[in-house]
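Good morning, colleagues. Please take a moment to look at the sequence and the structure on the screen before I begin.

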Number of protein chains: 2
Amino acid sequence: MNKPDKFTATEKLQHTLEIRLVIFTLKDNQLGVFLSPSTGPHPSDVWEIPGVPSNIEKSLEETATQYLTRTMGMEEAYLEQLYTYGDSDRHPDYPLVSVVYFALIPADASQQELRKRASLRCFPVNAVPGMVMDHKLILDYALRRLRYKLEYSAVGFELLPETFTLSELQNTYEIILGVNLDKRNFRRRILEAGIIESTPHRRSGEGRPAQLYRYRPDAIAEVKARRLFP
Amino acid sequence: MNKPDKFTATEKLQHTLEIRLVIFTLKDNQLGVFLSPSTGPHPSDVWEIPGVPSNIEKSLEETATQYLTRTMGMEEAYLEQLYTYGDSDRHPDYPLVSVVYFALIPADASQQELRKRASLRCFPVNAVPGMVMDHKLILDYALRRLRYKLEYSAVGFELLPETFTLSELQNTYEIILGVNLDKRNFRRRILEAGIIESTPHRRSGEGRPAQLYRYRPDAIAEVKARRLFP
DNA sequence: CCAAAAGTGTTCTATGTACACCCATGC
DNA sequence: GCATGGGTGTACATAGAACACTTTTGG
């Protein structure tokens, strides 16, 4: 992505336009983000938020979706536009506009071979390596938005497999928000919000088996203007 | 803005990039939005959200700010990025990416001559004329965001002159939100939020003179995650 | 029978909502 | 002195927060 010669082909008549994706997932009971090694002339351990040049044949969102499919094998992941970065001094060599999306990938769903081919690596969000340009700021902003979004809407289950236990869901919220939530209050509110429903199955393991839940496809995507957590 | 020949100069190697501004103001006790007549080959009474091509010398936000200064005479108006529209079928002739901002202009502040030069006209938001492409959808979204933002943060006074009475501020909220608010509750909450402070001046008119307030420049811009209204 | 995780209600506190009258000024 | 908008407090309802024990399974 940092190849000036490729991107300045238009002789600086216009901004260079690219799409970047902040891809979050759960990894080892932590919130993780996928990064790709920087291709520019940097000291070795510099990473960047993965992305692609804009494709004139496709809409911005199509390009983002297809990138997700190609690198994660996801057909239907949560995807939302984050912000468009267009400061003139972002890139040292040419004016660069980055339309940034953020995506949520279920915990078990990222397909190893695809990720490897795109040389993406998953880092815990509170232990990311050095990053190019303003990418650390972009990541920080994406995190804020994810946390904010989690409080007011109900995107938590987008990071979980199709069915999940309430404890797993609560864990997800706790990991992202970085706080402990009360079990009884959590259950009551998430159930009253009506966005998940129980399935006939249960999960066995250590301790008492847990009821499995799934997202209600008919539920409204955004719980309107009402804070869920904390 | 709808001159294909001008925008396809790069021979379709890239998307065409433009900045649009949804400029809100108060007019005749209604929420108004500035529109410009469509320059394209349309039947006469079609309008559009005003904008400019991206300028490679400037950041996106600089371009937006300068457009505001040029057309409204505003040095410091509220400006916020709304969304970046990049569907492939937006424009019939070429792929067009619009980075859209929304702006709030104080009631008395728009300078007639400048507006006229840019041929901008102010329409009440619930009586806008026909608009090109997806501009009506963009406007609707901007309105939703403005209302949402008003509930959780405190941008209301951006639509008022530097000093204002509490009744004027309440009026502004009622106009935008489209609901009536309780006077006592409104006053209590807006004052407890600590975003405005009284000035030594009062305004005379019909009835008892009213205390004038102003925005506290040192107040945090966003009242964090706490709903103010309704 | 013990360890480990699932599941379940009630009390208290804070926040939001509804509501009606007196005050200061200009004419 | 009266019309006009400015200004003020309290009681009630609702939502959120804090809190501990019983249940079901596997080993």
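For what follows, two residues are in contact if their C-beta atoms, placed from the backbone, lie within 7 Å. Please also keep in mind that this is a predicted model.

I begin with helix α5 of chain B, residues 166–177. At 1.5 Å a residue, its 12 residues should span 16 Å, and the end C-alpha atoms are indeed 16 Å apart, which agrees. Which residues of α5(B) are buried? They are Glu168(B), Leu169(B), Thr172(B), Tyr173(B) and Ile176(B). Seen down the axis of α5(B), these buried residues fall within an arc of 140°, so they line one face of the helix. Their cover, all from chain B, includes the strands β1 (16–27), β2 (30–37) and β9 (163–164), as well as the helices α4 (135–152) and α6 (183–192). Just after α5(B) comes Gly178(B), where phi is positive, at about 75°.

I turn next to the two protein chains. A rotation of 180° with a shift of 0.1 Å along its axis superposes chain B on chain A, with an RMSD of 0.1 Å. That is the relation of a two-fold axis. In the contact between the chains, 22 residues of chain B meet 22 residues of chain A. On the chain B side, β5 (78–85) and β6 (96–105) each supply at least two residues. The largest share of that side is 3 residues, and it comes from β5(B). By class, the side of chain B that touches chain A has 9 nonpolar, 9 polar and 4 charged residues. Of the interface residues of chain B, 100% are also interface residues in chain A, so the copies meet through the same surface.

Now to the DNA. Which residues come nearest to strand C? Of the 22 residues around DNA strand C, these are Ser167(A), Arg184(A), Gly207(A), Gln211(A) and Arg208(B). Two or more residues of this surface are given by each of α5 (166–177), α6 (183–192) and β11 (210–215) of chain A, and by α6 of chain B. The element that gives the most is α6(A), with 4 residues. The surface near DNA strand C divides into 4 nonpolar, 8 polar and 10 charged residues.

For DNA strand D, there are again 22 residues around the strand, and Arg208(A), Arg184(B), Gly207(B), Arg208(B) and Gln211(B) come nearest. Here the elements giving two or more residues are α6 of chain A and, from chain B, α5, α6 and β11 (210–215). The largest share of the surface near DNA strand D, 4 residues, comes from α6(B). By class, the surface near DNA strand D has 4 nonpolar, 8 polar and 10 charged residues.

I close with one residue, Leu212(B), which is found in strand β11 of chain B. Is Leu212(B) buried or partly exposed? A residue counts as buried if 20 or more other C-beta atoms lie within 10 Å of its own. Leu212(B) has 18 within that distance and is therefore partly exposed. Beyond its neighbours within four places in sequence, Leu212(B) is in contact with Thr163(B), Phe164(B) and Thr165(B), and also with Thr199(B), His201(B), Arg202(B) and Arg203(B). Pro200(B) lies 12 residues from Leu212(B) in sequence, and the two are 7.5 Å apart in space, C-alpha to C-alpha.

Key:
Residues are numbered from 1 along each chain as its sequence is written. Chains are lettered from A and ligands numbered from 1 in the order in which they are written. This is a predicted model: local features need pLDDT of at least 70, side-chain atom pairs count only at pLDDT 80 or more; totals for chains, interfaces and linings use all residues. The expected span of a helix is 1.5 Å times one less than its number of residues. A residue is buried if 20 or more other C-beta atoms lie within 10 Å of its own, exposed if 12 or fewer, and partly exposed in between; C-beta atoms are placed from the backbone. The arc is that of the directions from the helix axis to the C-beta atoms. Ala, Val, Leu, Ile, Met, Phe, Trp, Tyr, Cys and Pro count as nonpolar, Asp, Glu, Lys and Arg as charged, and the others, Gly among them, as polar. A residue is near a molecule or strand if its C-beta atom, placed from the backbone, lies within 6 Å of it. Copies are superposed by least squares on the C-alpha atoms of residues with pLDDT of at least 70 in both.
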